[in-house]
Amino acid sequence: MTPHSGLEQKFCTFGDGLTVAEGTIIEGYASLFGDEDKGGDIVEPGAYAKSLVALGNSGRQVKMLWQHDPAQPIGVWDEVREDGRGLYVKGRLLETVARAREAAALIAANAIDGLSIGYRTVKAVKNDKGQRLLKELELWEVSLVTFPMLPSARIGAKGELADATDLRELAATIKAARRELAQM
């Protein structure tokens, strides 16, 4: 685990309202409010609001990555916003990027069927059922993924994410989690 990243991931399947049009346009929900995920967490409405405003004010965008790998951007999210249902995203795979073309083919073949968000928890509380209610999240990326979040890929350390060094550390952690999964 890296001491700086503090990034976690959540998964949403295409069946949860995600659509793909013309092989490259992706549209749907990357996160749904009020639904308990496999880790026992529930994202509350408004959890992304401050992060989305901060990103907009700084001129930065939520990144579209392949499998949470910061070395593999595959497209751009043209629209990322909260609504009453969850975190809505609309973007496009970049056809000039080889991995994006592969992703489009895998989506068409139903081999890839999900989105996963990479974020840092800013504010959360536990309810009486032991579930973590996520009240404020710092959104970093939305990835096209094969599998839902893995406990070994979750990063629990707190810290500031400020530059590419932190993203390289995140990539190293994800690679370590993949190696761990392969040994299972």
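Two residues are in contact when heavy atoms of theirs lie within 4.5 Å. The structure above is a predicted model, in which local features need pLDDT of at least 70 and side-chain atom pairs count only at pLDDT 80 or more, while totals for chains, interfaces and linings use all residues. Residues are numbered from 1 along each chain as its sequence is written, and side-chain values use heavy atoms, with hydrogens and water left out.

**Exercise 1. The chain as a whole**

Describe the order of helices and strands along the chain, and state what share of the contacts with a separation of 6 or more comes from residues 24 or more positions apart.

Solution. Begin with the elements, which are DSSP runs numbered from the N terminus: helices are H or I runs of at least four residues, and strands are E runs of at least two. The chain has three helices and nine strands, and reading along the sequence gives the pattern β-β-β-β-α-β-β-β-α-β-β-α. Next turn to the contacts: among those with a separation of 6 or more, 68% are made by residues 24 or more positions apart. Finally consider burial, where buried means under 20% relative accessible area, exposed means over 50%, and partly exposed lies in between (1.4 Å probe, protein chains only). Of the 184 residues in the chain, 45% are buried.

**Exercise 2. The largest nonpolar core**

Find which elements each supply at least two residues of the largest nonpolar core, and then examine the surroundings of Tyr48.

Solution. A nonpolar core is a set of buried Ala, Val, Leu, Ile, Met, Phe, Trp, Tyr and Cys residues joined through side-chain atoms within 4.5 Å. The largest one here has 29 residues, and those with the most contacts inside it are Tyr48, Ile74, Trp77, Leu93, Ile117, Val142 and Leu144. At least two residues of this core come from each of β3 (25–32), α1 (49–58), β5 (63–66), β6 (69–82), β7 (86–93), α2 (98–108), β8 (114–126) and β9 (132–145). The most is given by β9, with five residues. In soluble globular proteins, nonpolar side chains tend to be buried together.

Now take Tyr48, which is found in the loop between β4 (41–43) and α1. Tyr48 counts as buried because its relative accessible area is 0%. If neighbours within four places in sequence are left aside, Tyr48 is in contact with Ser31, Phe33, Val43, Glu82, Leu87, Ile117, Leu137 and Leu139. One of these residues, Leu87, is 39 residues from Tyr48 in sequence, while the C-alpha to C-alpha distance between them is 7.7 Å.

**Exercise 3. The two sides of α1**

Decide which residues of α1 are buried, and explain why they line one face of the helix.

Solution. First list the buried residues of α1, which are Ser51, Leu52 and Leu55. Seen down the helix axis, these buried residues fall within an arc of 95 degrees, and therefore they line one face of α1; the arc is that of the directions from the helix axis to the C-beta atoms. An α-helix has 3.6 residues a turn, so residues three or four places apart point the same way. Then look to the other side of α1, where Lys50, Val53 and Asn57 are exposed. The buried residues of α1 pack against β6, β7 and β9. After α1 comes Gly59, whose phi is positive, near 80 degrees.

**Exercise 4. Tyr29 and Tyr88**

Classify the aromatic pair formed by Tyr29 and Tyr88, and identify the charged residue over each ring.

Solution. Rings of Phe, Tyr and Trp (its six-membered ring) pair if their centres lie within 6.5 Å; planes under 30 degrees apart count as stacked, over 60 as edge-to-face, and the rest as tilted. By this rule there are two aromatic pairs. In one of them, Tyr29 and Tyr88 are 5.8 Å apart, centre to centre, with 70 degrees between the planes, and the pair is edge-to-face. The partners are 59 residues apart, with Tyr29 in strand β3 and Tyr88 in strand β7.

For the charges, the criterion is that NZ of Lys or CZ of Arg is within 6 Å of the ring centre and within 35 degrees of the ring normal. Arg81 lies over the face of Tyr88, at 4.2 Å from the ring centre, and the charged end of Arg85 sits over the ring of Tyr29, 4.7 Å from its centre.
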